[in-house]
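User: I've got a protein chain open on my screen and I'd like to get a feel for it. Can we go through it together, one question at a time?

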Amino acid sequence: MTVQVNYKNNIIANSAGNYAFFTDEKLQIKNLKNTFSNHEISFISEIIKKKSTKKSFVSFDLSSKKRIILIPIKENLKNVEIEHLGANFYNYIHENSINDISINLDSLKIKPFKDYLGCFLHGLKLRSYDFNIYKSKKEKKNYIINILGKKNNSFSKNELKFKALEDGLKFTKDLVSEPGNILHPDEYAKRLNLLKKIGLKINVYNEKKLKKLGMNALLGVGQGSIRGSYLVTLEWNGLKNK
């Protein structure tokens, strides 16, 4: 499963689709005039009065072509709590087969904003991880998240940082999930060696090099296998200034 995030400054009023809004704990939404008509805003207000504020997410249909999802947030949330909220939101849209949704940021009144949105999307993307390489019937779904509003620019600067974390965690989860008959020592060393392309310094010590280092205990463990024995070291010296 893949999650595609698009950033759009312009909000098209009265357009159809699924919309999500961050609200306070009482489900109060700010700045709806750019998205809905006065009639729709009145209807939304009446619906909210009848909804429970204890649920993680509140959903209702504004029309046959427009669904509204409210995301209540508490004050002073920690980053890890925001990530959990994003992960739970992914579970919600997955379970309800919502593949395309627009999140309107104009309703979000939190500082620092970039950290909140970044952690929310980070948790959402991490939860979308699925190891299905060997499944006969793969569930191929693309989730499109459209981030709407003028606050997009405050997050884009941190996007590379979150992407690096997500790519690293995905790589690690793939390694952990692979069965031993596939990810044997030869293959493991091969995959780690590929990390050179992102700037890591990789040293692969094969049996010959391990003997020179006197690592006989490690070699002794691998003597009963048809695979080789390896020690791989990874070094990161930071980005070089251009």
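Analyst: Sure, and keep in mind that this is a predicted model. Let's begin with one residue in a loop. Asn76 sits between β4 (66-72) and α2 (79-95), and at 75% relative accessibility it counts as exposed.

User: What is the phi of Asn76 near?

Analyst: Asn76 isn't a glycine, yet its phi is positive. The value is near 60 degrees.

User: Is Leu27, another loop residue with positive phi, buried or exposed?

Analyst: Leu27 belongs to the loop between β2 and α1 (38-49), and its phi is near 65 degrees. Buried means under 20% relative accessible area. Leu27 has just 1% relative accessibility, so it counts as buried.

User: Zooming out, how many helices and strands does the chain have, and is it spread out or compact?

Analyst: There are 8 helices and 8 strands in the chain. For 242 residues the globule rule gives 18 Å, but the radius of gyration is 24 Å, well over that, so the chain is more spread out than a compact globule. Its C-alpha trace covers about 80 × 45 × 30 Å along the principal axes. So the answer is 8 helices, 8 strands and a chain more spread out than a compact globule.

User: What share of the chain's residues is buried?

Analyst: On the outside, the chain exposes about 15,500 Å², with carbon and sulfur atoms supplying 50% of that area. As for the inside, the buried share of the 242 residues is 36%.

User: How many aromatic pairs are there, and why is the pair of Tyr19 and Phe21 called stacked?

Analyst: Searching the whole structure turns up 8 aromatic pairs. The ring centres of Tyr19 and Phe21 are 6.4 Å apart and their planes meet at 20 degrees, so this pair is stacked. Tyr19 is buried at 4% relative accessibility, and Phe21 is buried at 0%. That gives 8 pairs, with planes at 20 degrees in the stacked one.

User: How many residues apart in sequence are the parts that Phe22 and Phe120 tie together?

Analyst: These two rings make an edge-to-face pair, 5.1 Å centre to centre with 80 degrees between the planes. Both Phe22 and Phe120 are buried. Phe22 is in strand β2 (residues 17-23) and Phe120 is in helix α3 (residues 113-127), so the pair links parts whose separation in sequence is 98 residues.

User: Which residues form the aromatic cluster with Phe22 and Phe120?

Analyst: Phe22 and Phe120 belong to one aromatic cluster, and its other members are Phe57, Phe89, Tyr92 and Tyr116.

User: Which residues does Leu192 touch, beyond its neighbours within four places in sequence?

Analyst: Leu192 is part of helix α6, and with a relative accessible area of 13% it is buried. Its C-alpha is 19 Å from that of Leu218, which is 26 residues away in sequence. Its contacts beyond those neighbours are Phe171, Leu175, Ile202 and Val232.

User: Which residues form the nonpolar patch on the surface?

Analyst: One member lies in the loop between α5 (159-177) and α6 (185-193), namely Ile182. At 30% relative accessibility, Ile182 counts as partly exposed. The patch has about 270 Å² of accessible area together, and it is formed by Ile133, Tyr134 and Ile182.

Technical notes
Residues numbered from 1 in each chain as written. Predicted model: local features only at pLDDT ≥ 70, side-chain atom pairs only at ≥ 80, totals over all residues. Heavy atoms only, no water. Patch = residues over 30% accessible without salt bridge, like charges linked within 9 Å, V, L, I, M, F, W, Y side chains within 5 Å. Areas by Shrake-Rupley, 256 points an atom, 1.4 Å probe, with all protein chains shown as cover. Salt bridge = Lys/Arg side-chain N within 4 Å of Asp/Glu carboxyl O. Helix = DSSP H or I, 4+ residues; strand = E, 2+ residues; numbered from the N terminus. Buried < 20%, exposed > 50% of the residue type's maximum accessible area, 1.4 Å probe, protein only. Rg over C-alpha atoms; globule rule 2.2 N^0.38 Å. Phe/Tyr/Trp six-rings, centres within 6.5 Å; stacked < 30°, edge-to-face > 60°. Contact = heavy atoms within 4.5 Å.
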